[in-house]
Amino acid sequence: MVGPPPDTWAVAPDRARAFCMSPGVWQLRLPLPWPAVPHVNAYVLESGDAPVLVDCGSAGHPSHRAALAAALGGAGLSVGDVGMLVGTHAHSDHVGLAEWVIAESGCEFRMHPDTAHFYDAFREPERTRQARERRARQEGVPEDELGAYGDVREETEGILAAIEPDVPLRDGDRIGAWHVVETPGHAPSHVSLFDPERRIVLLGDLLAPVFAPWFDYGYSADPIAEFLGSLDRIEALGPMELSLPGHGRALEDLGAALALHREGVAQRLEATLAAISSGPAGAHVLTGRIFGHLPPVEAVWRLTEVACCLRHLRRAGVVVRHEDGDGRFWYGRA
Ligand SMILES: [Zn+2]
Ligand SMILES: [Zn+2]
C-alpha cells in the first residue's frame with residue numbers, strides 16, 4: 001500500500017541542479033512533487049565509453065523530462081549521450097523516466113530483476129487495488145477510508161512504463177569500477193553501487209541524512225530483517241570517502257547514519273510492541289496508537305510500516321496474529 005499520489009505531478013524544472021561530487025561523479029538533484037520529499041538524486045558516472053546514468057527521476061508530468069534534461073545539461077550532457085541507465089530500485093522517483101531515457105539514447109538498462117513490488121500495480125491496477133483494499137479491511141481500516149489504501153496511481157502514473165532490465169543486476173556484478181551490492185529492505189529490487197578504489201558508495205534509498213523509513217510490504221519474507229542485513233552489508237564494506245544517498249545531501253558520517261537507522265528501526269519495533277501491550281488490535285488501531293491521527297497519505301505509509309514491523313515481530317516469535325470470524329486480524333503478544 002502506497003497511498004494517494006501527489007496533488008499534482010508537475011515540478012519546476014529550474015529547480016534541477018548538477019553537482020560534481022568527485023572527478024567523474026555528478027549528482028543530479030531532481031525536483032519531486034512530494035512536499036515531504038522535494039528532491040531525488042540521480043548520478044552520472046563518467047566511465048570509459050559513455051556516461052552511466054544511475055536513476056533518472058519520476059514521471060507523471062512532462063516537466064520531469066525537462067528537469068532531467070536541465071540537470072544533465074549542468075553536467076555537460078544531453079539525454080542522448082547516456083550510454084547506460086542503472087536503476088537502484090524500481091520506485092517511481094528512481095526509474096520513472098526510464099522509457100524516455102532509453103528511447104532518446106538507445107542505452108542499455110540494468111536493474112535488479114525483482115521488480116514485481118512496483119510493476120504489479122502498473123500492470124494489473126484493478127487486481128492490485130482490490131488486494132490492497134481487502135488487506136486494509138482485514139487490518140481494521142473503516143470502509144469509508146479504504147479508497148486511500150487501495151490507491152494505485154503512484155504506480156500507474158509515476159512511471160512511464162514498466163521497463164524490465166536488459167541486464168539483471170546481481171550481487172558482485174561490475175559496472176566499470178563499480179561493484180553491485182544487493183541491499184534489499186526498502187524494496188526487494190534495491191542495490192547499492194560501490195567503488196572500492198575510491199571508497200565511494202551510491203546508497204539509493206537505503207540510507208539518508210534523516211531516518212525516514214519505507215519498506216515495501218508483501219513481496220519478500222521480512223523487509224525489516226532484509227533492511228537490517230543490508231545495513232550490515234554496507235558497514236562490512238569498510239570506511240568510505242563519499243557516501244551518496246538517493247535523497248538529501250552526502251552523508252557526513254556513514255557510521256553515524258548506520259547507527260541512526262538501526263536505532264530508528266529498533267524504536268519502531270519497540271513502539272509496535274508497546275502499542276500491542278495496550279490491548280490486542282489490528283494494524284489500523286495499532287498505527288493510531290503509535291502515530292496518532294494522520295493525514296490520508298501518511299496514514300497509509302504508516303500502516304504499511306507497522307505491518308512490516310508486525311511481520312518481523314511475528315517471525316521473531318514475539319507477536320502472534322489471530323483472525324476473527326469476519327476475517328479481521330488482530331495481533332497480540334506471543
Ligand atoms: Zn525508493
Ligand atoms: Zn526514493
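**Exercise 1. Which residue stands opposite I200 in β11?**

Keep in mind that you're working with a predicted model. Start with the strands: β10 covers residues 191–195 and is joined to β11 by three bridges. The two strands run antiparallel. Now look across from I200, and you'll find D195.

**Exercise 2. Place β10 and β11 in their sheet, and work out which strands stand at the edges.**

Step one: write down the strand order, which is β8-β9-β10-β11-β12. That's an open sheet of five strands with mixed pairing. Step two: look for strands with a single partner. These are β8 (174–175) and β12, so one side of each has no neighbour in the sheet. Step three: add the helix. α8 lies across β9 (178–182), β10 and β11, and runs at about 150° to β9.

**Exercise 3. Do the same for the sheet that starts with β1.**

The order here is β1-β2-β3-β4-β5-β6-β7, seven strands in an open sheet, again with mixed pairing. β1 (17–22) and β7 (167–168) each have a single partner strand and stand at the edges, so each has one side left without a neighbour in the sheet. Inside the order, β3 (residues 37–45) pairs with β4 (residues 52–54) over three bridges, in the antiparallel sense. One facing pair to check in your viewer is V44 and L53, the latter in β4. Helix α3 (residues 98–105) lies across β4, β5 (84–86) and β6 (108–111), at about 170° to β5.

**Exercise 4. Find the protein donors of the zinc ion (ligand 2) and classify the site.**

First, collect the donor atoms: OD of D93, NE2 of H94, OD of D205 and NE2 of H247, all 2.1 to 2.2 Å from the metal. Along the chain they follow the spacing D-H-x110-D-x41-H. Next, check the angles among the four donor atoms, which span 88 to 157°. Tetrahedral would need all angles between 85 and 135 degrees, so the site comes out as irregular. For reference, the ideal angle for four tetrahedral donors is 109.5 degrees.

**Exercise 5. Which residue coordinates both zinc ions, and what does its pairing with H247 tie together?**

The zinc ion (ligand 1) is 3.4 Å from the zinc ion (ligand 2), and D205 coordinates both. D205 sits in the loop between β11 (200–204) and α8 (223–236), while H247 sits in the loop between β12 (242–245) and α9 (254–277), so the pair ties together parts 42 residues apart in sequence. Finally, check exposure: D205 is buried at a relative accessible area of 14%, and H247 also counts as buried, at 17%.

Key: Residues numbered from 1 in each chain as written. Chains lettered and ligands numbered in written order. Predicted model: local features only at pLDDT ≥ 70, side-chain atom pairs only at ≥ 80, totals over all residues. Heavy atoms only, no water. Donors = N, O, S within 2.8 Å, 3.2 Å for Na, K, Ca; no water. Tetrahedral: all angles 85-135°; square planar, octahedral: opposite > 155°, others 65-115°. Helix = DSSP H or I, 4+ residues; strand = E, 2+ residues; numbered from the N terminus. Buried < 20%, exposed > 50% of the residue type's maximum accessible area, 1.4 Å probe, protein only. Pairing = 2+ DSSP bridges. Contact = heavy atoms within 4.5 Å. Axes fitted to C-alpha atoms, helices over the stretch in contact; angles between N-to-C directions.
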